[in-house]
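Biologist: Hi, could you walk me through this fold? I'd like to start with the overall picture and then get into the details.

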Amino acid sequence: MIKSLDELLELKGNKMKLAVVACQDEDVLGAVVESAEMGISDPILIGSKQETFDLAEKLGLDISTFRFIESSSLEEAAETGVRLVSAGEADYLMKGLVDTSILLKAVLNKEWGLRTDSLLSHVMVYEIGTYHKLLYLTDGGMNLYPDVEEKAKIIDNASAVARAMGNEKIKVAVLAAKEKVNPKMQATVDAAELERLGKEGRFGDDVIVEGPMALDLALSKEAVQVKRFPGEVAGDADILLVPNIEMGNGIGKAITYLAGGKSAGIIMGAKVPVVLVSRADDKETKLYSIALGNMIAKYSREMAK
C-alpha cells in the first residue's frame, strides 16, 4: 500500500503514455519533463509548438525527445488528446493551459470521447502531517450538489483510486454537519442511505461506508472516544465524501493552506484518468498528480487483462 505521495515518485517501470493537452504552461511543462526524467511517464505534448519550445528554452528544459503534436486552438488540442487515448496511442490525459470545460467537453464527446456509465468526479489525495495515512477527498472540484445516486458513483470512483494505491480495506466517511438523520438536512438522509447500500454490498466487500458523520468524527480518534461514536470508519477514514462542492473545496483549501498538506488530483469516471489540479497548485502537486494518474492507468490496464 502506498503510504506517502513521495512513494509514488519512487515507482519505476511500466510507465504509461501521457497526453498533455495545451502543454504551454510553466509548471505543467516542468512537472512533465521531471516525470519523464524520473521514469514515471512517457509524455506526448499537444499545443503551440512555438510557445512550448520558447518556454522550454527559458526554463532550461530539454523536450527534444518528446513526441509533439501541433494544435491551432485549445479545442483542437483537447480533441487531439482524447482521440489519442481512444486510438490506444495514449494511456491517460493531463490538463495544461486549457479551460476544464473545454477538455471535459472533448472527454464526453459521444462519437470519439471517453464516456462510460459512470459519473465524472474529482478525487484529491492528501498527505497531512497530523493524520496517520493518506486521505482521499471527493468531490470538491466537479459535482455541485450530487444526489444520492451520484454520490454512490463518486464513492465508486474514489474507491478505484484507493484500490490502485493498494488499499485492501477502504473506509468511507459520508460527511454532514451532524450524526443524526434529520429530514431537513438532505446530507444526513443521503448519508444514511449510502450506509445502507454499503451494508448491502453495493460498493464491494472491501468498502465500508458510514454516515452521517461530522468531520471531527471522521478524522479524530479522540473525538470518537469523547462522543462515544460507534463504527469502523470513525477516526480512521480513508475517503471523505462531501455533500457539496463548497464543503469539498473548503476542506481541500484548508488542508493545503492551513495544514501544509501535500496533494495530488485526478478526475475519475472516464475510460482513463485525467490529471487535473488547480492553476494555483505548484509543480510538486502536478508531479504527484502525474504519478498518481500513471499508477491508476497501469492498475486499470492490469485489471482489464
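Biologist: So how many helices and strands does the chain have?

Modeller: The chain has 11 helices and 11 strands. Those are DSSP runs numbered from the N terminus, with helices being H or I of at least four residues and strands being E of at least two. Bear in mind that this is a predicted model, where local features need pLDDT of at least 70, side-chain atom pairs count only at pLDDT 80 or more, and totals for chains, interfaces and linings use all residues. Residues are numbered from 1 along each chain as its sequence is written, and side-chain values use heavy atoms, with hydrogens and water left out.

Biologist: Thanks! How compact is the chain?

Modeller: As compact as a globular protein of that length, because its radius of gyration is 19 Å, close to the 19 Å that the globule rule gives for 305 residues. The radius is taken over C-alpha atoms, and the rule is 2.2 Å times the number of residues to the power 0.38. Along the principal axes, the C-alpha atoms fill a box of roughly 60 × 40 × 35 Å.

Biologist: What's the strand order in the open sheet?

Modeller: Its 11 strands run β3-β2-β1-β4-β11-β10-β5-β6-β9-β7-β8, with mixed pairing. Two strands pair if DSSP finds at least two bridges between them.

Biologist: And which are the edge strands?

Modeller: β3 (67-70) and β8 (207-213), each of which pairs on one side only.

Biologist: In what sense do β5 and β10 pair, parallel or antiparallel?

Modeller: Antiparallel, over seven bridges, with β5 covering residues 121-127 and β10 covering residues 262-268. As one example, E127 has K262 in β10 as its bridge partner.

Biologist: Which strands does α2 lie across?

Modeller: Helix α2 (residues 26-37) lies across β1 (16-21), β2 (41-47) and β4 (92-95), running at about 150° to β2. Axes here are lines fitted to C-alpha atoms, for helices over the stretch in contact, and angles run from 0 to 180 degrees between N-to-C directions. Contact means heavy atoms within 4.5 Å. Helix α5 (residues 100-107) lies across β1, β4, β10 and β11 (274-275), at about 160° to β4.

Biologist: Switching to helix pairs: how do α6 and α7 cross?

Modeller: The axes of α6 (residues 148-164) and α7 (residues 186-199) come within 10 Å and cross at roughly 55°. That makes α6 oblique to α7; angles under 35 degrees count as roughly parallel, over 145 as roughly antiparallel, 65 to 115 as roughly perpendicular and the rest as oblique.

Biologist: Which residues of α6 and α7 meet?

Modeller: V148, K151, A152 and I155 in α6 meet A187, D190, E193 and L194 in α7. That contact divides into five nonpolar, no polar and three charged residues. Ala, Val, Leu, Ile, Met, Phe, Trp, Tyr, Cys and Pro count as nonpolar, Asp, Glu, Lys and Arg as charged, and the others, Gly among them, as polar.

Biologist: How do α6 and α11 cross, then?

Modeller: Their axes come within 9 Å and cross at roughly 90°, with α11 spanning residues 283-304. That makes α6 roughly perpendicular to α11. V161, R163 and A164 of α6 make the contact with L292, M295, I296 and Y299 of α11.

Biologist: Last one: where are the peptide bonds from T138 to D139 and from G211 to P212, and are they cis or trans?

Modeller: The T138 to D139 bond is cis, with omega near 5°, and D139 is in the loop between β6 (135-138) and α6. From G211 to P212 the bond is also cis, with omega near 0°, and P212 is in strand β8.
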